[in-house]
Structures are given as structure tokens and as C-alpha cells.
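Me: Got a minute to walk through this model with me? I'd like the overall picture, then some detail.

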Amino acid sequence: MLRFLVHIILILPIITSSWFYESYELPKFLLFLLCSLPIFIWSVFHLTQKTIIMLRNKNNISALILPYTYIIFLGSLGISSFMNENVSLGLWGQPYRYQGIIFLSCCGGLAYFVSHSHADRLREYARTIAIVGIVSCVVVIVQYLVLNIFNISIAAYAGRPIGTFGNPNFAAGYIALSY
């Protein structure tokens, strides 16, 4: 089940919707939260179990430094959010990007889950990223042809294709990183 949710998260870059005013970011954010919350809960339970076992057996606990450093980072963000006059902005983040504590917590849970995945699953995830990169590339090429060859007006950013990202720099960055 969690593996399926990771694949949904990996295809989020090609999802866009005209149902929302913020048609590029809001659907991706909502789907990311929906899919990553179970992964975050798994990560919390797994990290707790791992910590208890390592402390009980007095094993080398240096493997726990990175996850707990991230938790300290999230704690400091939480403190600063609650000191802000608008707590919800700290929790959810500013509209359009929505990169608040909840988003960053889910990112940490996803990173923890993927870092504890078997090599076969990592190859599977890499294939999904490559396929999404190809689809994104095709969308950008088609938009370029429509804009520059056929001279049809479509949603663009300063005459440049935006893909499913709403920004040509984000589209180009994803395409470059997916290969």
C-alpha cells in the first residue's frame, strides 16, 4: 500500500487541474498530503521502534542522528510558527507553495521511508521518475510547437512553455533531474 502511495507522489509533477484557481500547486499539494500522511505515520512508528530496539540493545545509535536532527529542525519551525501571529500560515505555509510544517514533516517521512526501501523498490521508483520526466518533456515540446510553430495562444510564461508546472524553470529543472 505504501509503495503504491510513493508512486502516486512520484507522478504528481504531471498532475494539473483547472478546478482550482491555483491550478498548478493546490492539486499537487492536496494529493501529496493525502498520500504522504500514511507514509509519515509509518515512518514515525518505524523510527520509534528502531530507537527503542537500539537503546535496549545498546547498539551504535549514530544511525539515529540524521532523523532526530530533522525532528529538531521541525521542532524549531513549530516554535517559530506558534510565535507567529498567524499560526495556520506556519502549519500549512503561504498559499501557492504551501510549504509549512505539515508539508515538511511529510517530506521527512517520505525521505525516511524511501531511504529504508529495498534496492529493487528504489529502481522501481527511478523508473517511475524517468517515465514522468518523459511525459513532462513531451508536454513541454508540444507546448513549444503550439506556441512557436503553430502560433496558437496557450498558457505560457513570457512566451516559454510551462509544462504542468506553471513555470518554465520548474519544468526544465524537473526534466533535467529526472534523467
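**Overall fold**

Reply: The protein chain has 7 helices and 0 strands. Keep in mind that this is a predicted model.

Me: What pattern does the chain follow along the sequence?
Reply: Going along the sequence, it reads α-α-α-α-α-α-α.

Me: And what box do the C-alpha atoms fill?
Reply: Roughly 70 × 45 × 25 Å, taken along the principal axes.

Me: How many of the residues are buried?
Reply: Of the 179 residues in the chain, 38% count as buried. As for contacts with a separation of 6 or more, 61% are between residues 24 or more positions apart.

Me: OK, helix 2. What span should it have, and what does the model give?
Reply: Helix 2 covers residues 26-57, so its 32 residues at 1.5 Å each should span 46 Å. The end C-alpha atoms are 45 Å apart, which agrees.

Me: Where does helix 2 bend?
Reply: At Ser 36, by about 35 degrees. A proline, Pro 38, follows within four residues of that point. Just after the helix, Lys 58 has a positive phi of about 55 degrees.

Me: Lys 28 is in helix 2 too. Buried or exposed?
Reply: Lys 28 counts as buried because its relative accessible area is 10%, and the cut-off for buried is under 20%.

Me: Which backbone oxygen lies by the polar atom of its side chain?
Reply: That of Thr 164, at 2.6 Å from a polar atom of the Lys 28 side chain. Leaving aside neighbours within four places in sequence, Lys 28 is in contact with Leu 12, Pro 13, Ile 15, Thr 164 and Phe 165.

Me: Switching to pockets. What volume does the largest pocket have?
Reply: About 730 Å³. It is lined by 21 residues, and the closest to its centre are Leu 12, Pro 13, Phe 103, Phe 165 and Tyr 174. Leu 12, Pro 13 and Phe 165 also came up as contacts of Lys 28.

Me: Which helices supply the lining of that pocket?
Reply: Helix 1 (2-10), helix 2, helix 5 (101-115) and helix 7 (168-177) each supply at least two residues. Helix 7 gives the most, with 4 residues.

Me: Now helix 6. What's its expected span?
Reply: At 1.5 Å a residue, its 30 residues should span 44 Å. The end C-alpha atoms are 43 Å apart, so the two agree.

Me: Which residues in helix 6 are buried?
Reply: Glu 124, Tyr 125, Thr 128, Val 132, Gly 133, Ser 136, Val 140, Gln 143, Val 146 and Leu 147.

Me: And which helices do the buried residues of helix 6 pack against?
Reply: Helix 1, helix 5 and helix 7.

Me: Why would buried positions in a helix be spaced like that?
Reply: An α-helix has 3.6 residues a turn, so residues three or four places apart point the same way.

Me: What about Asp 120, which lies in helix 6?
Reply: Asp 120 counts as partly exposed because its relative accessibility is 44%. Its side chain makes a polar contact with the side chain of Arg 123, at 2.6 Å. The C-alpha atoms of Asp 120 and Leu 10 are separated by 16 Å, with their positions 110 residues apart along the chain.

Me: Last one: Ile 134, buried or exposed?
Reply: Ile 134, another helix 6 residue, is partly exposed, with a relative accessible area of 45%. Ile 134 and Ser 178 are 44 residues apart in sequence, yet 8.3 Å apart in space, C-alpha to C-alpha.

Notes: Residues numbered from 1 in each chain as written. Predicted model: local features only at pLDDT ≥ 70, side-chain atom pairs only at ≥ 80, totals over all residues. Heavy atoms only, no water. Expected span 1.5 Å × (residues − 1). Bend = angle between axes of the 7 residues up to and from the residue. Buried < 20%, exposed > 50% of the residue type's maximum accessible area, 1.4 Å probe, protein only. Polar contact = N/O pair within 3.5 Å; in protein donor to acceptor, adjacent residues only side chain to side chain. Contact = heavy atoms within 4.5 Å. 1 Å grid on protein atoms, 1.4 Å probe; cavity = no way out; pocket = protein on both sides within 12 Å on 5 of 7 lines; lining within 4 Å. Points joined across faces, edges and corners; volume = space filled by probe spheres on them.
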